Amino acid sequence: MNQYDIVIIGAGAGGLTAAYTAKGFGKKVALIEKNNPGGECTWSGCVPSKALINIAKDIHTAKKYADIKVDTEDVLQKVRKVIQNVYEGETPDILEKDGIDFIKGFAKFVDENTLDVNGNIIKGKKIIISTGSSPFIPPIKGLDKVNFFTNENIFIQKKLPDNIIVLGGGAIGVELSQALNRLGIKVSLVEMMDRVLFREEEELVKLLEEKLVDEGVNLYTSTKAIDVNEVNNKIRLKVERKNKIDILEGDAILLALGRTPNISDLNLGQIKIKFNRKGIEVNEYLETSVKDIYAVGDVVGPYQFSHMANVQGITAVQNALLPINKKIDYSHVAWCTFCEPELARAGLTEKEARDKYKDNIRVYTETYNKLDRAKTKEDSLGIVKIICDKKGKVLGASVLGDRAGEIISEIQTVKTLGINFAKLSKVIHPYPTYSEILVKISKKVYVDNILNNPFIKIINGFRK
Ligand SMILES: Cc1cc2nc3c(=O)[nH]c(=O)nc-3n(C[C@H](O)[C@H](O)[C@H](O)COP(=O)(O)OP(=O)(O)OC[C@H]3O[C@@H](n4cnc5c(N)ncnc54)[C@H](O)[C@@H]3O)c2cc1C
Ligand SMILES: NC(=O)c1ccc[n+]([C@@H]2O[C@H](COP(=O)([O-])OP(=O)(O)OC[C@H]3O[C@@H](n4cnc5c(N)ncnc54)[C@H](O)[C@@H]3O)[C@@H](O)[C@H]2O)c1
């Protein structure tokens, strides 16, 4: 009987985590997926992009010491080997062995508890939608007549082009532009805002942009794509920049312009699940407008990261299956863009903190150049910015530099646990590490905490 305690649609980061969480509670679980399990992260997102970045980094380093000829066919094969390796941990066989019924097919709602999967009827007391997102394809004139790459097809090419236009300077555009350029591909990166990664800390992004340009990426910010066509196997992109029209030419174009939720053909309207152009609407318990149907991951947002899909997947399952209701908490979210140097973030930027708390903040900035660890490496660009409240608690932090993803995790721990940043000054860190920079900052926070103590302020007032 195809009747389950919980049915999950989509076996990406959110769906897989939800399925294993539900199984952990001893429930009868079905996981429906139209492709192989793994979702975007495994097949066309985090895994292939980070594999490509790692290979490109090795090549970039090697090029400092020798002439290297890169075979992009070989590079892409290596990337696909990494995908396969990750996939081997989440195949249908493994899911079945772990007690999860894997059902291959496209799911659509028949009623609130019933799904049609390629003609088979599957019933669930609770249903979780984790159908993810797809690349947003903008209405740029001529785009429907040219071949273009997105994250979904670039990693399955036989080889890479010699010259590529990357449209969109967000996380995907920046990570891939740098990696492709390091492989020897000529890259033109086009972003309509005045800087790439425009949501990130401005002064750190400016340093990153300098690094990208220095490495050879042709960066076009404040540049809007107007139309595109293909002439003699060349892509010609007409752009507007500072009221001037320019033509960029490449062998190919990669679109990295944000995401669109995967909600079509699910029959959401028929069972009155509310959605908008950003995705499925959920309350703070991740429940949709229909009782017992939850939604998680990219199809919900607001943070489109694998780790957030995981957190949402666990929360939704707990709310669906346990006699508790746990709110999803977005007050402590961290992420990292894996360019080199990495750019990582937790909580607010300085501007966001000032808008919210006015002058009731303290900003600490420290650069890598005083760190022995950084001195041991050529060109070790790095900067850490931590924004605290007046008591020394972290409101936000940004790190640009080697191992930024790891450094932000330490800051994130302190922030999430509500520990005063000054307390880190007591924590012994190994020498020489990048994270020693946090001890330096924490000592400053410690001193400022003392100077801000009302009693000390009175004494200092008398001394004047
Ligand atoms: C190039 C790139 C790099 C990235 N790098 C990072 C990174 O470094 N770190 C990070 O945290 N995030 C990264 N992300 C984002 C991350 O990949 C996503 O946030 C995450 O994969 C979302 O997981 P999900 O479960 O919501 O959706 P998905 O992984 O997209 O899974 C949804 C699944 O549902 C299936 N599906 C859809 N509709 C149906 C249906 N009706 N029936 C059956 N199955 C269906 C799809 O086939 C898919 O397998 C990256 C994204 C891209 C594109
Ligand atoms: N390391 C990571 O965690 C990582 C890496 C890659 C992707 N991701 C996730 O995937 C999501 C999608 O990434 P993305 O890079 O596609 O989206 P994004 O929203 O991060 O960036 C899209 C960029 O395209 C620009 N843009 C939009 N329309 C344009 C136009 N017509 N011309 C020029 N520029 C235009 C936007 O201003 C923006 O800077 C991210 O939001 C992130 O959540 C995460």
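This passage describes the domains, sheets and ligand surroundings of a predicted model.

The protein is divided into three parts: domain 1 (2–38 + 90–133 + 260–321), domain 2 (143–258) and domain 3 (334–456). A distance of 37 Å separates the C-alpha centres of domain 1 and domain 3. Two annotations from an unreviewed UniProt entry bear on this division. The record assigns "domain: FAD/NAD(P)-binding" to residues 4–312. Over that span the chain is 29% helix and 28% strand, with its end C-alpha atoms 21 Å apart. The annotation "domain: Pyridine nucleotide-disulphide oxidoreductase dimerisation", likewise from an unreviewed UniProt entry, covers residues 333–439. For residues 333–439 the content is 27% helix and 30% strand, and the end C-alpha atoms lie 22 Å apart.

Ligand 1 is surrounded by 35 residues, of which Gly10, Gly12, Gly39, Gly132 and Gly297 are the closest. Two or more residues of this shell come from each of helix H1 (13–24), strand E2 (29–33), helix H2 (39–43), helix H3 (46–63) and helix H8 (306–321). By class, the shell around ligand 1 comprises 14 nonpolar, 17 polar and four charged residues.

Around ligand 2 there are 26 residues, and those that come nearest are Gly168, Gly170, Ala171, Ile172 and Gln304. At least two residues of the shell are supplied by each of helix H6, strand E11 (223–231) and strand E19 (334–337). Helix H6 gives the most, with four residues. The shell around ligand 2 divides into 15 nonpolar, seven polar and four charged residues. Because domain 2 (143–258) and domain 3 (334–456) both contribute residues to this shell, ligand 2 lies between them.

An open sheet of four strands has the order E10-E9-E8-E14, with parallel pairing. Strand E10 (218–220) and strand E14 (252–255) occupy the edges with a single partner strand each, so one side of each has no neighbour in the sheet. On average, neighbouring strands of this sheet are turned by 20° against each other, direction ignored. Strand E8 (residues 163–167) runs parallel to E14 and is joined to E14 by four bridges; within this pair, Leu167 stands opposite Leu255. Helix H6 (residues 171–182) packs on the sheet, where it touches E8, strand E9 (186–190) and E14. The direction of H6 makes about 165° with that of E9.

A further open sheet consists of five strands in the order E19-E20-E23-E22-E21, and its pairing is antiparallel. Its edges are E19 and strand E21 (361–367); each has a single partner strand, so one side of each is left without a neighbour in the sheet. The average turn between neighbouring strands of this sheet is 10°, direction ignored. Strand E22 (residues 383–389) and strand E23 (residues 394–401) run antiparallel and are joined by six bridges, and Ile387 has Gly396 of E23 as its bridge partner. Helix H7 (residues 202–215) packs on this sheet, touching strand E20 (342–347), E22 and E23, and its direction makes about 10° with that of E23.

Strand E4 (residues 107–111) and strand E5 (residues 114–117) pair in the antiparallel sense over four bridges. These strands, E4 and E5, form a hairpin with two residues between them. The bridge partner of Ala107 in E5 is Val117.

Notes. Residues numbered from 1 in each chain as written. Chains lettered and ligands numbered in written order. Predicted model: local features only at pLDDT ≥ 70, side-chain atom pairs only at ≥ 80, totals over all residues. Near = placed C-beta within 6 Å. Nonpolar A, V, L, I, M, F, W, Y, C, P; charged D, E, K, R; others polar. Domains from an automatic or database assignment. Pairing = 2+ DSSP bridges. Axes fitted to C-alpha atoms, helices over the stretch in contact; angles between N-to-C directions. Contact = placed C-beta atoms within 7 Å. UniProt positions renumbered as here; feature names shortened; annotations may be inferred.
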